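Subject: Structure for you to look at

Dear colleague,

Please find the structure we talked about just below, with its sequence. Once you have it open, read on for what was found in it.

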Amino acid sequence: MPLLIRNGEIVTPDQRYIADIFCENETITRIGKNLDAPPGSEIIDAAGKFVFPGFIDPHTHIYLPFMGTFAKDDYTTASEAALVGGTTTIIEMICPSRADEPLQAFELWKSRAQGKSACDFTFHMGVTRYDAAAEAQLREIVKAGVASFKIFLAYKGAFGIDDDELWHTLKLAKSLGVITTAHCENASAIAQRQAELLAAGKTEPSYHHESRPPRIEAEGTHHLMTFAEMHDAHVYVVHLSCEEALQAALAARLRGVHVWVETLIQYLLIDKTWAEREEGFEGAKYVMSPPLRDKKNQKILWDGLASGLISTLATDHAPFDFATQKSMGKGDFTKIPNGIPAIEDRVNLYYTHGVATGRISLHQFVDTASTQAAKLFGLFPRKGTIAPGSDADLVVYDPKYKGKLSVKTQRQNVDYNAFEGWEITGRPAAVTVRGQVAVRDGKFVGDHQRGRFLKREATHF
Ligand code: URP
Ligand code: ZN
Ligand code: ZN
């Protein structure tokens, strides 16, 4: 059914104006004043509201076998949560084990999403082993439309790769025009510190931070920069959490390394004291890697987003139940499944604490939560903007809405909300997925057959 969105205030990174948007055959076909619509069109009155391009979460985990368990969401729950929160495109990390074949992993991850996802999706292909067989399969996966890799310099003995593998992955990525996203922490230093802390009887969640302090993240970042420089490869540092790591990335950028930086909503809003809450093992809810940092880093990350030094704001959504999964780490913090759920709340928290407080302009908000991810990962201008020819993924945003976040009302399939009781200002009133309404008045009304796998072209030569 054709769709007309009337009188909304359209916001992109470089424009802000009031107009109507007409959508047909999944795309935006006309933007202008007083547009007419054929009989039978759906009409949304967006007067007094913003219209944003659908938001993109460039770093999520939905199907994630990790630390002896599995992340809780599937595509049914995660895509509903994403859409209710204004995210219309999910980029998930494919994370096979070393023993898995990359092509099989690619097919498995795709099969988890197809027919279940109410929003569009694509993947960063995890390279967790590099040999001739893996290389041949990675070439096939890139041909099939996956234009980015994911590597882990952390998680020794699990997803982590060694330096020879890092060398060859970046060499291959450069030759294929693929951007490599990377978790940057020095795996050996972490393993040593974990062993020392446990031997000293320091087993509580609060020691997670001590086992991987900022300098270890900065070392991982610097390490990636050195290897990227050797190949002139394009790299993207995922979930950067602190000043030391940002300095390492920016120093490399100044000497010509093609590096982009992502941070997370969690790092902007909660700090390491949350993971130090001892009562009832509460801190485990906030154990993730890199860890939540000292509060002083928050201003640096906000300023990085406001100035464009940090390109994207993601979630690293990784939901593990507190009662049955986080509790696996009682008596040994290294066994707490790492991760914090946030796919549902990223945009509203970012608007509330960024735009509504004046920390982030509306343009920079759209750029860092949507447009930059589209540009970096080969989705622009199909996604990430509002223009004729673009997919009609639109968020009609009510800036006057006031509400509270809670596990009781969330759609994420996990038994806690990391921001329980937090107030929000603004939320999506309506959200469309390629021209079909998926959220109305904050309620999911979408279709789990709607989401498509997005094939992407490699452009990072
Ligand atoms: O703690 C985290 N970040 N969990 C998810 C896996 C990862 O490292 O991205
Ligand atoms: Zn990571
Ligand atoms: Zn992650």
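Strands E17 and E18 form a hairpin with 2 residues between them, and in its turn Arg434 has a positive phi of about 45 degrees; strands, like helices, are DSSP runs numbered from the N terminus, a strand (E) having at least two residues and a helix (H or I) at least four. E17 covers residues 423-433 and E18 residues 436-440, and the two pair in the antiparallel sense over 4 bridges, where pairing requires that DSSP finds at least two bridges between the strands. Within this hairpin, Val433 stands opposite Gln436.

E18 is also joined by 2 bridges to strand E19 (residues 443-444), again in an antiparallel arrangement, with Arg440 opposite Lys443. The hairpin of E18 and E19 has 2 residues between the strands, and here Asp441 takes a positive phi near 50 degrees.

Before going further, please keep in mind that this is a predicted model, in which local features need pLDDT of at least 70 and side-chain atom pairs count only at pLDDT 80 or more, while totals for chains, interfaces and linings use all residues. Residues are numbered from 1 along each chain as its sequence is written, chains are lettered from A and ligands numbered from 1 in the order in which they are written, and side-chain values use heavy atoms, with hydrogens and water left out.

Next comes strand E5 (residues 50-53), which is covered on both faces, since Phe50 and Phe52 on one side and Val51 and Pro53 on the other are all buried; buried means under 20% relative accessible area, exposed over 50% and partly exposed in between, with a 1.4 Å probe and protein chains only. In a regular strand the side chains alternate between the two faces of the sheet. E5 runs parallel to strand E1 (residues 3-11), to which 2 bridges join it, and Phe50 is the bridge partner of Glu9. With strand E16 (residues 394-404), E5 runs antiparallel over 4 bridges, and there Val51 stands opposite Val396.

The model also holds zinc ions, whose donors are N, O and S atoms within 2.8 Å of the metal (3.2 Å for Na, K and Ca), and water is not among the atoms, so sites may look incomplete. For the zinc ion (ligand 2), the protein donors are His183 (ND1) and His239 (NE2), lying 2.1 Å from it. His183 lies in strand E12 (residues 179-183) and His239 in the loop between strand E13 (235-237) and helix H8 (243-254), so the pair ties together parts that are 56 residues apart in sequence. Both of these histidines are buried.

For the zinc ion (ligand 3), the protein donors are His59 (NE2), His61 (NE2) and Asp316 (OD), at 1.9 to 2.2 Å, and they follow the spacing H-x1-H-x254-D along the chain. His59 is buried with a relative accessible area of 0%, and His61 is buried with one of 6%. The two zinc ions, ligand 2 and ligand 3, are 3.8 Å apart.

Finally, there is ligand 1, which has a nitrogen atom 2.5 Å from a polar side-chain atom of Asp316 and an oxygen atom 3.4 Å from a polar backbone atom of Gly339. Taken alone, ligand 1 exposes 260 Å², and the protein buries 100% of that, these areas coming from the Shrake-Rupley method with a 1.4 Å probe, where for residues only the protein chains shown count as cover.

With best wishes

Technical notes: A polar contact is a pair of N or O atoms within 3.5 Å; within protein, one must be able to donate a hydrogen and the other to accept it, and residues adjacent in sequence count only if both atoms are side-chain atoms.
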